Amino acid sequence: MTDTVSGTSGTSGTSGAPGASDPSDAPGAVRPPADPGAGGFTEALAEATAVASLAPSSHNCQPWALARLTGERARAAARLFAGTGNRTGPAGDGTETLALAMDRTRTIGALAAHDVEMRVSCGAYWQLLLSALAAQGWHPEGIEYPATDGEGRRLAGDRWPKSWSLLGVARVRRTGDGDGSFRRLRETAAARRTNRGPYRASGIGTDVLAELTGPSAGAAADAPVAVTHLRGETERRAFGDFVARHGGRDFSHDAAWRETFAYLRPNASAAALRGDGFTLEQLFGPMSAARHHLLRTALAPRTMRVLRFAGYPGLLASQLAAIVRRTPAVTVMHFLADEPSGADMVRAGARLADYWLRATHAGLALHPVSVVVQHDDVRAALAERFGLRGRVFFVARLGHPTAQFPATPRHREAAAHLRL
Ligand SMILES: Cc1cc2nc3c(=O)[nH]c(=O)nc-3n(C[C@H](O)[C@H](O)[C@H](O)COP(=O)(O)O)c2cc1C
C-alpha cells in the first residue's frame, strides 16, 4: 500500500497540539506572552523566534540565522518583490522585512547531501517563524527566494555577516490581532521531538495520514514536494531489508561518522552548555552509566575504524532495520524535480515542519532514517525499489511512540536575530 500526495496549496496553517507538554520545559522556549499579538512587531518577533528555534535540524546543528531589515536594507529587499504584485513601499507602510540565512559556521557538510539537509532545516525554522508571526496577526505578504546564495551582501552591504548565505526574504504585515492559535502552535513546537524508540504496531488511519498531507500555508504553501507513505506489510518489510542492506553506510564513512560523533555530547550539562548536538540518552533513551560508557566507546570513530572490519556497521544497520520493520508507516518526502533549486529545498523544509507538527498534534512521532538518502547510489536504489519520482530528501519512521524522549538543547542565538 503506497499513498503519494503531491504539493498542495491552501489556507490551513501549521497545526498545534492542545494540551501538549509544558513549553517552559523546552529548550529555547521563553516566557509566555501576556497577550501575544497585542504588542508591536518587536515583541511578536521575539515570540516567533523562540518558537522557530525549536525546529528540527540534522545533528541538531541549527544552521539558520535571521535578520530584520530596516531602512535602506528593507528598501533594497523591496526590489526583490517588484513584479510579484506586492508593490507597496517598504518604509512606513506597515510592513516588516525578514531575511532568512544559513550560517556556514553552523552547518554540517561531510557529505554532499548535507547541503540539502541544511537548507531543509532552515526551511523548517522559516515555516515555524512565519506561522508564529501569522498566529500573532503578522501575515506574510510575499516571500522571495534569491537565485544564488551570494545576495546577502548586495542586500545589506558590509553589515551582512560573511558566513551567512541569504536563503529567503519575507515581508509581513499586521492584518489584525492574532487568531488565537499562537499558544497551541508554541505548545506543539515544544512537544515535537525526534523519537527513536519503538512505536506501537497498530496502523495509522488513512484519515490521519490525509490530515498530515493536507494543504499548507506560509512558506510551505505550494511547496514542490510529494509525500509517500509506505505502510503495506510487504513494503515495510522491503524497506526494513533496504535499511539492513544500506544502513551501515554512515558508520563506515569515516568523515561522515566523525562529523556525527562530534555532535555527541558527553552528558546533558555539556549539551546544554554547547546548546547544540545531542546526548546518547537523547538518541537512545535513558541508560545506566556502564551502558553509556560502553556505547560511547563503541561508537567512537577510532573504535569504529577497527570494528568496521568485523562487520560492526552491518550489525548496527540490522538493529535499525529491526526497529524499522516494526514501524506501522514510513514517511518519504520527495521533490517533484530531480534537481531541485535552493528555494525548493527551503520550501520543502517548510513542508516538513508543517507535516511534523501535524504529526505531533495527532500524537504521532517521527524518526528520520537519512542514511538512505545521503548517498547518491543508495538514494537512486531507494527510488527505483519503491517507484519514487523526484529526488528523495527525507525518510522517517512514523508511528505512535511508546516512550518519551528528553528534549535536545538549543543554542542561545537560535532564537536571536540581527537587526540590519
Ligand atoms: C533533515 C533532517 C534529517 C535528519 N536525519 C536524522 C537521522 O538520519 N537520524 C536521526 O536519528 N535523526 C535525524 N534527524 C533528527 C535530528 O537529529 C533532530 O531534529 C535534532 O537532533 C533535534 O532534535 P529534536 O528533533 O528532538 O528537536 C534529522 C532531522 C532533519 C531536520
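Contact here means heavy atoms within 4.5 Å. The model is predicted.

Me: Which residues is P224 in contact with, leaving aside its neighbours within four places in sequence?
Reply: P224 sits in the loop between α6 (206-212) and β6 (225-230). Set aside the neighbours within four places in sequence. What remains for P224 is H334, F335, L336, D344 and R347.

Me: Is P224 buried or exposed?
Reply: The cut-off for buried is under 20% relative accessible area. P224 has 16% relative accessibility, so P224 counts as buried.

Me: What distance separates the C-alpha atoms of P224 and R351?
Reply: Along the chain, P224 and R351 are 127 residues apart. In space, their C-alpha atoms are separated by 9.1 Å.

Me: Where does D222 lie, and what is its phi near?
Reply: D222 lies in the loop between α6 and β6. D222 is a residue other than glycine, and its phi is positive. The value is near 60 degrees.

Me: How does D222 count: buried, partly exposed or exposed?
Reply: Buried needs under 20% relative accessible area, and exposed needs over 50%. D222 has 43% relative accessibility, so D222 counts as partly exposed.

Me: Which residue in the loop between α1 and β2 (64-69) has a phi near 55 degrees?
Reply: The residue has a positive phi and is other than glycine. It is buried, with a relative accessible area of 14%. The residue in this loop with that phi is H59.

Me: What is the C-alpha distance between V227 and V332?
Reply: V227 has its place in strand β6. V227 and V332 are 105 residues apart in sequence. From C-alpha to C-alpha, the distance is 5.7 Å.

Me: Why does V227 count as buried?
Reply: A buried residue has under 20% relative accessible area. V227 counts as buried because its relative accessibility is 1%.

Me: Which helix holds W257?
Reply: W257 counts as buried, at 8% relative accessibility. Its helix covers residues 254-262. That helix is α9.

Me: Which residues does W257 touch, not counting residues up to four places away in sequence?
Reply: One of them is A300, 43 residues apart from W257 in sequence. The C-alpha atoms of W257 and A300 are 8.8 Å apart. The residues that W257 touches are D250, F251, L299, A300, P301 and M304.

Me: How many of the ten residues of helix α5 are buried?
Reply: Helix α5 runs over residues 182-191 and is mostly covered. Its buried residues are F182, L185, R186, E187, T188, A189 and A190. The number is seven.

Me: Which elements do the buried residues of α5 pack against?
Reply: F182 and L185 are among the buried residues of α5. Together, the buried residues of this helix pack against α1 (41-52), α3 and α15 (342-361).

Me: Which residues are the closest to the ligand?
Reply: The ligand is surrounded by 18 residues. They divide into four nonpolar, nine polar and five charged. The closest are R192, T194, R196, S370 and R410.

Me: What distances link the side chains of R192, R196 and R410 to oxygen atoms of the ligand?
Reply: A polar side-chain atom of R192 lies 2.7 Å from a ligand oxygen. For R196, an N or O atom in the side chain is 2.6 Å from an oxygen atom of the ligand. For R410, the value is 2.8 Å.

Me: What share of the ligand's accessible area does the protein cover?
Reply: On its own, the ligand has 620 Å² of accessible area. The protein covers 90%.

Me: Which elements give two or more residues to the shell around the ligand?
Reply: The shell draws at least three residues from each of domain 1 (28-187) and domain 2 (191-399). The elements that give two or more residues are α3 (114-135) and β8 (365-368).

Me: What percentage of the residues in the protein is buried?
Reply: The protein has 16 helices and ten strands. It has 420 residues. The buried ones make up 56%.

Me: What part of the accessible surface belongs to carbon and sulfur atoms?
Reply: The accessible surface of the protein comes to about 17000 Å². Carbon and sulfur atoms hold 52%.

Methods:
Residues numbered from 1 in each chain as written. Predicted model: local features only at pLDDT ≥ 70, side-chain atom pairs only at ≥ 80, totals over all residues. Heavy atoms only, no water. Near = heavy atom within 4 Å. Polar contact = N/O pair within 3.5 Å; in protein donor to acceptor, adjacent residues only side chain to side chain. Areas by Shrake-Rupley, 256 points an atom, 1.4 Å probe, with all protein chains shown as cover. Helix = DSSP H or I, 4+ residues; strand = E, 2+ residues; numbered from the N terminus. Nonpolar A, V, L, I, M, F, W, Y, C, P; charged D, E, K, R; others polar. Domains from an automatic or database assignment. Buried < 20%, exposed > 50% of the residue type's maximum accessible area, 1.4 Å probe, protein only.
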